[in-house]
Amino acid sequence: FDLTVASPGQVEPVFSADTKSGLIESSAWSERRSWLPGIVFLSGLVVGVVYCVLLRLCLVYYVSRHRVPVGSEILEIFDRAMQRLGYSGSCRVWVSSGTLGPFAFGLFRPTVMVPVQMMDAFSREESELVFAHEIAHLRNQDTFWHPLINLVTLIFWWHPAVWWGRWHLLHAGEFAADARVVNAALNPVSLAECLIKFGHRVWAR
């Protein structure tokens, strides 16, 4: 740019056309760059929301496609496991023809779902262990805490400490469920052996 004297003792810069154009472009880029963090955050948030919605839809589809009637023997084993764990709330037990599970879900209508192949492969005692572990998750309010953990992870997805904390909290929930099984005079080691046996059976198929 050039320097011209506007009045005695005062110097005023006079920018050329090219310099003015460069300053305008630099200012526009700085303004766009200030939006980048927000765009990245919203993009990750949208991806997380879409993933959660798809996961929920997959669960609904799986249940509607693979749910089969529950036999009286399974209901009897399930009721006994509820008594052993001291769970007095309402809870449904569903059986699926697929291999997904066992798992507990439902914040307002707690439900335990197990594969029918697992029930066929296990003895009554082993089936009771499986039910007891899932009922322990319900007693620990994991159907409330897990969605809350996922919500926090969804909002702060960009922070590595959140993912680290999520991993540890979910594993702590598994240990807490095993602890309840132990307190109910049931053996979590036998539960692990049951799951391994079922995994081998599914893999062999």
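Here are three short exercises on this predicted model, each with a worked solution.

**Exercise 1.** Find which residues of helix H5 are buried, and work out where they lie around the helix axis.

*Solution.* Start with the helix itself: H5 runs over residues 142-155 and reaches 20 Å from its first C-alpha to its last, close to the 20 Å expected at 1.5 Å a residue. Next, pick out the buried positions, which are Asp142, Thr143, Ile149, Thr153 and Leu154. Finally, look down the axis of H5: the buried residues fall within an arc of 140 degrees, so they line one face of the helix.

**Exercise 2.** Work out which residues have the most contacts inside the largest nonpolar core, and which helix gives the most to this core.

*Solution.* The core has 28 residues, and Phe78, Phe131 and Ile135 have the most contacts inside it. Now see which elements supply at least two residues each: among them are helix H2, strand E4, strand E6 and helix H6. Helix H4 gives the most, with seven residues. Then take Phe131 as a closer case: beyond its neighbours within four places in sequence, its contacts include Ile74, Phe78, Val93, Val112 and Met119.

**Exercise 3.** Decide whether Glu128 in helix H4 is buried or exposed, and find its side-chain polar partner.

*Solution.* Glu128 has a relative accessible area of 7%. The cut-off for buried is under 20%, so Glu128 is buried. For the partner, turn to Arg80: a polar contact of 3.1 Å joins the two side chains, Glu128 and Arg80. To complete the surroundings, leave aside neighbours within four places in sequence; Glu128 is then also in contact with Ile77, Ala81, Arg84 and Leu186.

Terms used:
Residues are numbered from 1 along each chain as its sequence is written. This is a predicted model: local features need pLDDT of at least 70, side-chain atom pairs count only at pLDDT 80 or more; totals for chains, interfaces and linings use all residues. Side-chain values use heavy atoms; hydrogens and water are left out. Helices (H or I, at least four residues) and strands (E, at least two) are DSSP runs, numbered from the N terminus. The expected span of a helix is 1.5 Å times one less than its number of residues. Buried means under 20% relative accessible area, exposed over 50%, partly exposed in between (1.4 Å probe, protein chains only). The arc is that of the directions from the helix axis to the C-beta atoms. A nonpolar core is a set of buried Ala, Val, Leu, Ile, Met, Phe, Trp, Tyr and Cys residues joined through side-chain atoms within 4.5 Å. Contact means heavy atoms within 4.5 Å. A polar contact is a pair of N or O atoms within 3.5 Å; within protein, one must be able to donate a hydrogen and the other to accept it, and residues adjacent in sequence count only if both atoms are side-chain atoms.
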